[in-house]
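Here is a short tour of a protein model, made for someone meeting structures like this early on. Keep the 3D view open and find each residue as you read.

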Amino acid sequence: MSAVGCGRRRARVSRLVSFSATHRLHSKSLSNEENLKLFGKCNNPNGHGHNYKDLCLDVNLLKVMLVFWYFVLFPIVVVTVQGEIDPVTGMVMNLTDLKEYMEEAIMKPLDHKNLDLDVPYFADIVSTTENVAVYIWENLQKFLPVGVLYKVKVYETDNNIVVYKGE
């Protein structure tokens, strides 16, 4: 039986990008002592850096990428979009378009930047991995139709992972 007779099929698609950035975990609402106690070495006045990757992957591909990532020491960011599979193109979204959107929403504003000094969004928001995920979500929303963006997943380290679904 063809897919046309069964109604429209839905799928999720993911894509990977990586960027490098530096930041300092520091809240203007706390004293220097409180910041140091809360954020520890991540409160270093000179900041610290990460190599982030965005992944939009199914579970099996994610496992392969995590093994690769472990050996090359790259943190990961995962972006997943969802929608109906177009019966003509066979795609949820053209991956060339998704690549361009990710370049505009992630790479241009974040790659090789000091998040706290170079990205206005973080002037008054602590540049935690949670807030980086929210920033990426909000930037991608500017390019994607409503309801297409499903998830942003940021692997800051192999032990620290944040998932944001726009909630």
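β1 (10–23) and α4 (115–118) each give at least two residues to the lining of the largest pocket. The model you are looking at is predicted. Its pockets come up first below, followed by one helix and then the salt bridges.

**The largest pocket**
- This pocket has a volume of about 280 Å³.
- Its lining is made of 19 residues, and Arg24, His26, Lys28, Asp116 and Phe122 are the ones nearest the centre.
- By type, the lining residues split into six nonpolar, nine polar and four charged.

**The second largest pocket**
- Here the volume is about 170 Å³.
- Among the residues that line this pocket are Leu25, Phe39, Cys42, Thr128 and Glu156.
- Two elements, α5 (129–141) and β6 (161–164), give two or more residues to this lining.
- The lining divides into five nonpolar, three polar and two charged residues.

**Helix α5**
- How far apart should the ends of α5 be? With 13 residues at 1.5 Å a residue, the helix should span 18 Å, and its end C-alpha atoms are indeed 18 Å apart, so the two values agree.
- Several α5 residues are buried, including Val132, Tyr135, Ile136, Trp137 and Leu140.
- Thr129 is a nice one to find, as it is buried in α5 and also lines the second largest pocket.

**Salt bridges**
- How many salt bridges are there? The count comes to three.
- Glutamate 84 and arginine 8 meet through their side chains, at 3.6 Å from N to O.
- This pair links distant parts of the chain, since glutamate 84 is in strand β3 (residues 76–84) and arginine 8 is in the segment before β1, 76 residues apart.
- Glutamate 84 is partly exposed, at 39% relative accessible area, and arginine 8 is partly exposed too, at 49%.
- Lysine 28 and aspartate 124 form another salt bridge, at 3.2 Å from N to O.
- Lysine 28 sits in the loop between β1 and α1 (32–39), while aspartate 124 sits in the loop between α4 and α5, so this bridge ties together parts 96 residues apart in sequence.
- Lysine 28 counts as exposed at 63% relative accessibility, and aspartate 124 counts as exposed at 66%.
- Lysine 108 and glutamate 104 also form a salt bridge, at 2.6 Å from N to O.
- These two are about one helical turn apart, because they are four residues apart in helix α3 (residues 95–110).
- Lysine 108 is partly exposed at 47%, and glutamate 104 is partly exposed at 35%.

Conventions: Residues are numbered from 1 along each chain as its sequence is written. This is a predicted model: local features need pLDDT of at least 70, side-chain atom pairs count only at pLDDT 80 or more; totals for chains, interfaces and linings use all residues. Side-chain values use heavy atoms; hydrogens and water are left out. On a 1 Å grid over the protein atoms alone, a cavity is a set of points where a 1.4 Å probe fits but cannot get out, and a pocket is an open set with protein on both sides within 12 Å along at least five of seven lines; lining residues have an atom within 4 Å of a point. Grid points are joined across faces, edges and corners, and a volume is the space filled by probe spheres set on the points. Ala, Val, Leu, Ile, Met, Phe, Trp, Tyr, Cys and Pro count as nonpolar, Asp, Glu, Lys and Arg as charged, and the others, Gly among them, as polar. The expected span of a helix is 1.5 Å times one less than its number of residues. Buried means under 20% relative accessible area, exposed over 50%, partly exposed in between (1.4 Å probe, protein chains only). A salt bridge is a side-chain nitrogen of Lys or Arg within 4 Å of a carboxyl oxygen of Asp or Glu.
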